[in-house]
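Biologist: I am new to this structure. Please take a close look at one part for me, the paired aromatic rings, and then place that part in the rest of the chain.

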Amino acid sequence: MGDLFAWLISFFLLIAILGILLYQLMCLADLEYDYINPYDSASQINKVVFPEYITEGVLCFLHLITGHWVMFLLCLPSSCYNATLYSERRHLVDVTEIFNQLPWEKKRRLYKLGYLVIILALSIFWMIWSIVDE
């Protein structure tokens, strides 16, 4: 039962991260189509970057303490990348450079979205496997 509970927490954490990423992509798309000014877009994105990093770290730590080693190893590169961005102070979107960085920021978030969708599919698979196994 504890294993199923861990997979459920993992599922909801992944859904939260995907929601944050989709919100960031919508802000970037609004900026690209000139529905929002650069200051508002950058401030909205920057508000959710730190909670996204924290949630991904919690997800990675959850897999570590529950002994799901494969999922831990799959989540570890994203957490290390986030830690690297944070330590180099490149995690926030710069208001003055947002139009120059727009294609890169969108690509980075789309790659992360695809990566997390794969992890979500694996998490759902393992959650169903733990239900059937009991």
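Modeller: What follows starts with the ring pairs and moves outward from there. Keep in mind that this is a predicted model.

A pair of aromatic rings is described by the distance of the centres and the angle of the planes. Here the count comes to 6 aromatic pairs. One of them is formed by Phe-50 and Tyr-86. Their ring centres are 5.9 Å apart, with 35° between the planes. That makes the pair tilted, because tilted covers angles that are neither under 30 degrees nor over 60.

Where do Phe-50 and Tyr-86 sit in the chain? Phe-50 belongs to helix H2, residues 38-66. Tyr-86 belongs to helix H3, residues 69-87. They are 36 residues apart, so this pair links distant parts of the chain. Are these two rings buried or exposed? Neither word fits. Phe-50 has 44% relative accessibility, so it counts as partly exposed. Tyr-86 has 39% and also counts as partly exposed. Both values fall between the 20% and 50% limits of that class.

Now turn to Phe-125 and Trp-129. Their ring centres lie 5.9 Å apart and their planes meet at 35°, so this pair is tilted too. The setting is local. Phe-125 and Trp-129 are 4 residues apart in helix H4, residues 98-133, which means about one helical turn separates them. Phe-125 is partly exposed, at 45% relative accessible area. Trp-129 is partly exposed as well, at 48%. These two rings also have company: Phe-125, Trp-126 and Trp-129 form one aromatic cluster.

Next, a record. UniProt, in an unreviewed entry, places the feature "transmembrane region" at residues 53-76 and 113-132. In the model, residues 113-132 are 100% helix and 0% strand. The C-alpha atoms at the two ends of that stretch are 28 Å apart. Residues 53-76 are 92% helix and 0% strand. Their end C-alpha atoms are 12 Å apart.

What about the nonpolar interior? The largest nonpolar core has 19 residues. Leu-14, Leu-59, Leu-116 and Ile-119 have the most contacts inside it. H1, H2, H3 and H4 each give two or more residues to this core. The largest share, 8 residues, comes from H1. Take Leu-14 as an example. Leaving aside neighbours within four places in sequence, Leu-14 is in contact with Leu-59, Leu-116, Ile-119, Leu-120 and Ser-123. Apart from this core lies another, of 12 residues. Cys-27, Leu-31, Tyr-53 and Leu-85 are among them.

Last, look at two loops. Most residues other than glycine have a negative phi, and most peptide bonds are trans. Which residues have a positive phi here? Two to look at are Asp-34 and Arg-89. Asp-34 has a phi near 65°. Asp-34 lies in the loop between helix H1 (2-32) and H2. At 61% relative accessibility, Asp-34 counts as exposed, because exposed means over 50%. Arg-89 has a phi near 60°. Its place is the loop between H3 and H4. Arg-89 is exposed, with a relative accessible area of 69%.

Back to your rings, then. Phe-50 and Tyr-86 link H2 with H3, while Phe-125 and Trp-129 pair within H4.

Key: Residues numbered from 1 in each chain as written. Predicted model: local features only at pLDDT ≥ 70, side-chain atom pairs only at ≥ 80, totals over all residues. Heavy atoms only, no water. Phe/Tyr/Trp six-rings, centres within 6.5 Å; stacked < 30°, edge-to-face > 60°. Buried < 20%, exposed > 50% of the residue type's maximum accessible area, 1.4 Å probe, protein only. UniProt positions renumbered as here; feature names shortened; annotations may be inferred. Core = buried A, V, L, I, M, F, W, Y, C linked by side-chain atoms within 4.5 Å. Contact = heavy atoms within 4.5 Å.
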